[in-house]
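The exercises below concern aromatic rings and how they are placed relative to one another. Work through each task before reading its solution.

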Amino acid sequence: MKKTRKYLSVLLAALMLSSSTAAVMSVDASTGQLCSKYATNPDNKVGKQKTITIDGSFSDWSEDMLIAQGAAWDVANNYKGGHENCVLDTYSLYGAWDDSNLYVAWQMVNTTDTWAREGDGPLSDGGRVLDVPLILALSIDPNSVSMSNRNTDGNSIWGQKMGVKFEQHVDRLLYMSGKPGLGEPSMFKAVDDKGNTNYSNGCVGFGKGGIEYKMAEGNICSHIWGLNGSSNTSDVYSDSANWVDYKTFRGSSGTHNTKYDSFYEIKIPLSTLGIDKSYLETYGIGAMLVATRGESGLDCIPYDDTMLDNAKGSYSIDPSTSKEKEDDDVITSELARIGNMGGTAPAPGTLVGDANNDGVVDVIDATTIQKHLVKLVKLEGKGLANADANKDGTVDIQDATLIQKYIARLVKSLG
């Protein structure tokens, strides 16, 4: 990725923070700025406080929770390998929260039914997303080590190539299947100073962490703006490209049927992330969804044009399809913000309740305090300060009990 793009990205982020409305990328193909169809935190929207039921329906969600806007049919097989009818096409990202949970949702679309047979294509399951890895990247604490998206043994997290790297800060990666119910979805964090993870203390399974996700058929959006008949990847930079609203556009095979679109919703307990509602609303967190085939990213929201930098190259296994399926993507676009557009996060090690300083408040912290009290371990420094969960100036069994209640969601916060 050219350094000039990185500088422009930093400048654009600064402008977003100083403006009363979030900036949308202007048209300038020479610098690689996306057109106005794309936006991150439009009008400074950061989601909203609301309790969401994870039930495979988007009835709880609304467009005022939008935190990132993408486009339809801006994916590699638009330019090479369209016969695959790939449905890994991200369109929009949403955020919400309540006293105990973070909620994230993303809309995916399959508009190829406007020119091909409905539900056709080897990469789809009756027009739906297959069992392929979806990655939800989060930035919780900017003071923490950013993740490499690799294991400590040097391999990728799920044993596939997974050629996706993040230039910006990411400290949680949630891996899940595009077909909920398959595989072992898990959340990963860094376990060393290089940002690598592992399956012991770096991994929390969704079940253990209280994380739930489901998929609904259909589309929440009032409009589905996308490219039609595009032959140049540079069209993502141009407002004058052939953009159509697939909600009303009629292609050679008819109008788009939104039953082939997929809406995902996920609930993540704030305690599993090691934060509380106050932290979320004061400092905010970052979020991005990356859709992959297991070898490389094919689309993401917020959008990054590295998803198209090898679109017209040839895939080594099937030259009739795009090299994007196996290239290495270094994502530089800013993550969307949830809860707050940005604040000065607390210094490392000041997470109340985190007695063992691993960045998460969990049952291990309560156990660590209990061991400290019977002199099996000795808490010192930041760990000792964090262990005072009720902030009464003393570390005792009441702190361990309070942490257990917090994990069980019997109390809303610590401190």
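For burial, a residue is called buried when its relative accessible area is under 20%, exposed when that area is over 50%, and partly exposed in between. The model used here is predicted.

**Exercise 1.** Classify the pair formed by the rings of Y94 and F263, and say where the two residues lie and whether they are buried or exposed.

Solution. A pair of aromatic rings is described by the distance of the centres and the angle of the planes. The centres of the Y94 and F263 rings are 5.9 Å apart, and since their planes stand at 45°, the pair is tilted. Y94 belongs to strand β4 (residues 90-97) and F263 to strand β18 (residues 262-269), so that the pair links distant parts of the chain, 169 residues apart. With a relative accessible area of 1%, Y94 is buried, and F263, at 0%, is buried as well. Y94 and F263 also belong to a cluster in which ring pairs link them with F58 and W61.

**Exercise 2.** Do the same for W158 and Y175.

Solution. Here the centres are 5.2 Å apart with 65° between the planes, and because an angle over 60 degrees counts as edge-to-face, the W158 and Y175 pair is edge-to-face. W158 sits in the loop between β8 (133-139) and β9 (164-166), whereas Y175 is in strand β10 (residues 172-177), 17 residues apart. W158 is partly exposed, with a relative accessible area of 25%, while Y175 is buried at 0%.

**Exercise 3.** Which residue lies over the face of W225?

Solution. K37 lies there, at 5.2 Å from the ring centre of W225.

Methods
Residues are numbered from 1 along each chain as its sequence is written. This is a predicted model: local features need pLDDT of at least 70, side-chain atom pairs count only at pLDDT 80 or more; totals for chains, interfaces and linings use all residues. Side-chain values use heavy atoms; hydrogens and water are left out. Rings of Phe, Tyr and Trp (its six-membered ring) pair if their centres lie within 6.5 Å; planes under 30 degrees apart count as stacked, over 60 as edge-to-face and the rest as tilted. Helices (H or I, at least four residues) and strands (E, at least two) are DSSP runs, numbered from the N terminus. Buried means under 20% relative accessible area, exposed over 50%, partly exposed in between (1.4 Å probe, protein chains only). A charge sits over a ring if NZ of Lys or CZ of Arg is within 6 Å of the ring centre and within 35 degrees of the ring normal.
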